[in-house]
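The paragraphs below are meant to be read with the coordinates open, moving from the chain as a whole to single residues.

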Amino acid sequence: MRVRSGRTCWAAALGCTALLLLAACGPGQDAAAPAPSSSPSPSVRVAQGPALLPVPRGDGSRTPDDFNGDGHRDLVLDDLVKAQAHADDPGIGIVYGGPRGLVPGTRQLLAPEENAAPTDGQLPALFEAEASCDLDGDGFTDLLVSTDPPYDGQGQPPVPLQVLFGSPKGLTGKAVHLTVPGRARVGNDWPDQPVCGDFDGDGAKDLVLHASGGQLSFLHGPFSRKGAPRAAAAPVASPGNVPTGPAADVDRDGYDDLLVRTAEGTGASAVVLGGPEGPTRTGALLPAGIDVVFGAFGRGEALDAAVGAMGETSLRYDLPTAARATLAPPGSMLDAADFDGDGLSELLSSGARLRLFPGRAAGLSATAPVTVEPPGTGTTRVVSVADLDGDGRADLTVRTYRGETRDLVAVYPGTKRGLVARVPALTFSTAAFLSH
């Protein structure tokens, strides 16, 4: 799961008819089957949301974002459709996966009243997904959630992060407060913007958090069920203040690395390399941009970086040494994934339009990009680029919204020939969570 900004959420929900609850997934219909194309937009059959299905019990897996441990990837959705404009945010939506992809009937709503831990007897109003990984190493992915604990503005603020632990039943029960030991903190900034990764190479997932003054908090995993890290040292020096996920082993040395930005929004960034002591070494310095992604775009043995800006997309091949190139036309918001299973990443630009640039042995090319055509009208954002059906190829999930009460989530499958960019295999609305 990728969260672009630590404590920012999208303004509201997305474009379909007011009564739309779920498309292409009525009762008895296969959740991942291609939808009929009789209606013009979206080109899928509109149906009422199916009855709520039980979450399949899993035995644990190493699949990312697998909260119930059944080996199938799940999807996290923030900022769900509201019953009426200006109503309270209903919470975080989870759509569980099956053998052929997402099953919108198998869904779960996480809300502060049911799932948040109180702070000083007060439940949070803010409840937003931040990052996901298996923090305790039990084979079930856990979810880090940002909250708004009470704070009087004096001294160090409390830790706003809570952990919902995965289980054979998925994400159930109450969250616990993430523990950030005092020795790992510095200054009076919020300890937030978590990035998961195995930065010290011991096989357990660690966390990197924002600290202050060009330093980061590094928490060694695994974590206890009470939210405490195995160990935590003094904050580590960093070339910036904003740790940004997802982490990746960019130089293929067995240690996860992360991107650190100088500021949220437009700003320069750097690759911080993991090692036996954690993320302590600065690798390649990257130019200023709005968004940065890692991918295997070609031209090297290591991963590459793409930096999106209004004027152009800057490319840095073969990190951390980083040979320079540019890509036009520009793209300000970027994602990268292998949609055709050839081992190279495609670059997805979601600025004014959704365009896919294929990875090649010689590197990315702006020639003949594939244009993705979301169904319906409104503003479209990328939710996920991940393998949802287990075929070894990434799938694209986007969300189109218009106002606070209408939206449409669409899943486009990856195939041997590349991304199916015109007709989604599955669509549904987050309004289904209103009747969870």
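Buried residues account for 57% of the 436 residues in the protein chain, in what is a predicted model. The secondary structure of the chain comprises one helix and 32 strands. Among contacts with a separation of 6 or more, 51% are made by residues 24 or more positions apart. The surface that the protein chain exposes amounts to about 17200 Å², and carbon and sulfur atoms supply 52% of this area.

A convenient place to enter the fold is an open sheet of four strands, which run in the order E6-E7-E8-E9 with antiparallel pairing. Strand E6 (128–133) and strand E9 (176–177) are the edges of this sheet, and because each has a single partner strand, one side of each is left without a neighbour in the sheet. Strands of a sheet pair through backbone hydrogen bonds, in either a parallel or an antiparallel manner. E6 and strand E7 (residues 142–146) are paired in the antiparallel sense over five bridges, and Val-145 in E7 is the bridge partner of Ala-129.

Strand E6 also leads to the disulfide, since Cys-133 lies in E6 and Cys-196 in strand E10 (residues 195–197), so that the pair ties together parts 63 residues apart in sequence. The structure holds one disulfide, and in this bond between Cys-133 and Cys-196 the S to S distance is 2.3 Å. The torsion about the S-S bond is about -65 degrees, and the disulfide is therefore left-handed. Both Cys-133 and Cys-196 are buried. In the loop between E9 and E10 sits Gln-193, a residue other than glycine whose phi nevertheless has a positive value, near 55 degrees; with a relative accessible area of 8%, Gln-193 is buried.

In soluble globular proteins, nonpolar side chains tend to be buried together. Here the largest nonpolar core has 18 residues, of which Leu-135, Leu-144, Val-163, Leu-178, Val-180, Leu-207 and Leu-219 touch the most other members. At least two residues of this core come from each of E6, strand E8 (161–164), strand E11 (206–210) and strand E12 (215–223). The surroundings of Leu-219 can be followed in some detail: beyond its neighbours within four places in sequence, this residue is in contact with a set that includes Leu-178, Val-180, Pro-181, Asp-206, Leu-207, Pro-229 and Ala-232. A second, separate core of 15 residues includes Leu-259, Ala-296, Val-307 and Leu-319.

Strand E12 also contains Pro-222, and the peptide bond leading from Gly-221 to Pro-222 is cis, with omega near 5 degrees. Another cis peptide bond, with omega about 0 degrees, joins Gly-245 and Pro-246, the latter lying in strand E15 (residues 242–248).

Two loop residues further along the chain complete the tour. How does the backbone of Ala-368 stand out, and what is its phi? Ala-368 has a positive phi, near 50 degrees, in a residue other than glycine; its place is the loop between strand E25 (354–357) and strand E26 (370–372), and at 62% relative accessibility it counts as exposed, the cut-off being over 50%. Glu-404, in the loop between strand E28 (395–401) and strand E29 (407–412), has a relative accessible area of 18% and is buried, because that value falls under 20%. The side chain of Glu-404 makes a polar contact of 2.9 Å with the side chain of Lys-82.

Technical notes. Residues numbered from 1 in each chain as written. Predicted model: local features only at pLDDT ≥ 70, side-chain atom pairs only at ≥ 80, totals over all residues. Heavy atoms only, no water. Pairing = 2+ DSSP bridges. Core = buried A, V, L, I, M, F, W, Y, C linked by side-chain atoms within 4.5 Å. Buried < 20%, exposed > 50% of the residue type's maximum accessible area, 1.4 Å probe, protein only. Contact = heavy atoms within 4.5 Å. Areas by Shrake-Rupley, 256 points an atom, 1.4 Å probe, with all protein chains shown as cover. Disulfide = S-S within 2.5 Å. Polar contact = N/O pair within 3.5 Å; in protein donor to acceptor, adjacent residues only side chain to side chain.
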